[in-house]
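Colleague: I have a model open and would like to learn how to read it. Could you take me through it step by step?

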2 protein chains.
Amino acid sequence: MAKVVSLEGKRRAPGLEPLLSICADDMARIDREILTRMRSPVALIPELANHLVGAGGKRMRPLLTVASARLCGYQSDDDRHIKLATCVEFIHSATLLHDDVVDVSALRRGKPSANSLWGDKASVLVGDFLFTRAFELMVDVGSLDILGVLSRASSTIAEGEVLQLVSQRDTSTPEATYLEVIKAKTAKLFAAAAEVGAMIAGRNGPERVALESFGMNLGIAFQLVDDALDYVGRQADLGKTVGDDFREGKITLPVILAFLRGGQVDREFWKRTIEKLDQREGDLEHAQALMERHHSVADTLERARHYGAMARDALGLFRDTPLKVALLEAVDFAIDRAH
Amino acid sequence: MAKVVSLEGKRRAPGLEPLLSICADDMARIDREILTRMRSPVALIPELANHLVGAGGKRMRPLLTVASARLCGYQSDDDRHIKLATCVEFIHSATLLHDDVVDVSALRRGKPSANSLWGDKASVLVGDFLFTRAFELMVDVGSLDILGVLSRASSTIAEGEVLQLVSQRDTSTPEATYLEVIKAKTAKLFAAAAEVGAMIAGRNGPERVALESFGMNLGIAFQLVDDALDYVGRQADLGKTVGDDFREGKITLPVILAFLRGGQVDREFWKRTIEKLDQREGDLEHAQALMERHHSVADTLERARHYGAMARDALGLFRDTPLKVALLEAVDFAIDRAH
């Protein structure tokens, strides 16, 4: 596991703090932009949106946009990078609202989900609103190339959501399909968030390619760890209930590996619990025990480390600045939050 | 009621046919573009989307886009007007998919609704997909001004949907709020559909303003008639079940007028049936009788005629061509389909 040596010579667990501190001004401006853009005479909109967006979360995606822009030397005094970062957060938030409806989730980031408080209908419609606001922000920025990247990413996300829905609860889902889903659902927006940072800084050559790859690999690693944490995390860290994916019959890599590596009896267990959603007392614990025996959570994290390594290498062409060091540490954080 | 005198000197009811016949080539190209753009390796997407989009409907909105472009002398051989028209239809379709989920509708255009066949989850996500595809199409067309118009329209629609949700079942909703809802939910997209037709033809002056106004007023008239038909239409013509709005407790102008014009006993009836959704055998018939007594459906249609007249006048600055005559007939059709 990566350790960071602090200025005082002490080792500490990797975190997001260095990156957040370098980008603190931009992040504060993003906060304000988010609040401004959520405004509507229809009071339910800012109310519901604020519950989700205003309440924070790690803001990984907008952070990626401004950090990428700054890494590419973006110095302009205008607010186009702020608008883009806000746009990326809104696309993400719209997806979360619709996801929680589709997954019937009761918790989000440790708080009651918007759908559990305001109902599915409001969540669907406010999600649509945030999505359209995201597009208004892009149009404001005024670059057709950037619009192309973000509209393709949005389309890919939507396609990935449907793919996940149709492969849901199918224990024979191959790892490749799972990877396709998380690339589309999660990693593509990380990739686009970083890519448009380079674009707004006018770096459309190798830096843009590198940052897109950085975002994509970081996003895959991030989702793999999320899916592992669903079986081994502590609820306080997780912001969701341990075992949510299991209870929803969601096919994630820990399940796929445990299914593939198990014998007939194990496979019957997975089919009953995941495919038929026929779950009994003690099933989650048994699932966790099977994963332990087949190292399927450990190997999910191993896969995450592989993508994390690729993300780190993608930054190879940038000079070693404090910002780059902080971005590399963010990769370690994405993976090591599992521990 | 408007009557059209045919070439043979016979009077016939106004229809969409003349407009559809003038725009037949464009409409066929739109059909093909729709099919192409719905493609996805995720089979559920074209399957579900095709059920709704492929099955037709009147295609009023894309028709408005190509007709407006042609009215403004658009002659170009490229397919930008086709892409815009397809984009407008996709925005509309995405809205319908989400609407049916929110309204728990079982029928759409006389067929089982997508959500009743594939479930709410698929409808929400495929709606998102169509929406993102719409934005990809806009980006393809490559005009930031047009992107601005359509992204603002989309945002207004989403805001209108939320406004409708929060004012749902409130019998004290003023006519002004209802008008705001239908402007945002329906008329704004009609307006944008016509406006971008002018823009693609390079007519950004009075023609653009006129066509936006034409679309807005036609859209308001169209929705007013729809809301009237929900109480007096025949299911075969309507493509939805008579009384749907009543059963959902939807506040439309026929209800608002009947509530305002009724006495205490009537108001108690509306509160019980619409606000509390406590509905019994014979309630729909009683609602229809109250509307008859208070002329609330008739006056809803009268209001529609007012907006129809404004739509007709908005075309005053265009030369009298067969296309313009056909557009004027389309206004009459939107209103007279009630008979």
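**Reading the contact between two chains**

Modeller: Gladly! Let's begin with a single residue: Val42(A) is found in the loop between α2 (24-38) and α3 (44-54) of chain A. Keep in mind that this is a predicted model.

Colleague: Is Val42(A) buried or exposed?

Modeller: A residue is called buried if 20 or more other C-beta atoms lie within 10 Å of its own. Val42(A) has 23 C-beta neighbours inside 10 Å, so this residue counts as buried.

Colleague: Which residues is Val42(A) in contact with, leaving aside its neighbours within four places in sequence?

Modeller: Those contacts are Glu159(B), Val162(B), Leu163(B) and Val166(B).

Colleague: That takes us to the interface. How many residues does the contact take from chain B and from chain A?

Modeller: Interface size can be put in several ways; often one gives the accessible area lost when the parts come together. Here we can count residues: 35 come from chain B and 35 from chain A. On the side of chain B that touches chain A, the elements giving two or more residues are α3 (44-54), α5 (80-103), α7 (120-141) and α8 (144-167) of chain B. Of these, α8(B) gives the most, with 14 residues. By class, that side of chain B has 20 nonpolar, eight polar and seven charged residues.

Colleague: And what turn lays chain B on chain A?

Modeller: A turn of 180° with a shift of 0.0 Å along the axis does it, at an RMSD of 0.0 Å. That is the relation of a two-fold axis. The same surface serves both copies, as 100% of the contact residues of chain B recur in chain A.

Colleague: How do I read a pair of packed helices?

Modeller: Two packed helices are described by the angle between their axes and the distance between the axes. Take helix α8 (residues 144-167) of chain A and α7(B): they pack at an angle of about 160°, with their axes 9 Å apart. Angles over 145 degrees count as roughly antiparallel, so α8(A) is roughly antiparallel to α7(B). Their crossing is left-handed, and the residues of this contact divide into eleven nonpolar, five polar and seven charged.

Colleague: What about a pair within chain B, helix α16 (residues 296-314) and helix α17 (residues 322-336)?

Modeller: Those two pack at about 170°, with axes 10 Å apart, which makes α16(B) roughly antiparallel to α17(B). Among the residues that meet there are Ala304(B) and Gly308(B) in α16(B), and Leu328(B) and Val331(B) in α17(B). The contact has six nonpolar, one polar and two charged residues.

Technical notes:
Residues numbered from 1 in each chain as written. Chains lettered and ligands numbered in written order. Predicted model: local features only at pLDDT ≥ 70, side-chain atom pairs only at ≥ 80, totals over all residues. Least-squares fit on C-alpha atoms with pLDDT ≥ 70 in both. Contact = placed C-beta atoms within 7 Å. Helix = DSSP H or I, 4+ residues; strand = E, 2+ residues; numbered from the N terminus. Nonpolar A, V, L, I, M, F, W, Y, C, P; charged D, E, K, R; others polar. Axes fitted to C-alpha atoms, helices over the stretch in contact; angles between N-to-C directions. Parallel < 35°, antiparallel > 145°, perpendicular 65-115°, else oblique. Left-handed = near helix turned anticlockwise from the far one by under 90°. Buried ≥ 20, exposed ≤ 12 C-beta atoms within 10 Å, placed from the backbone.
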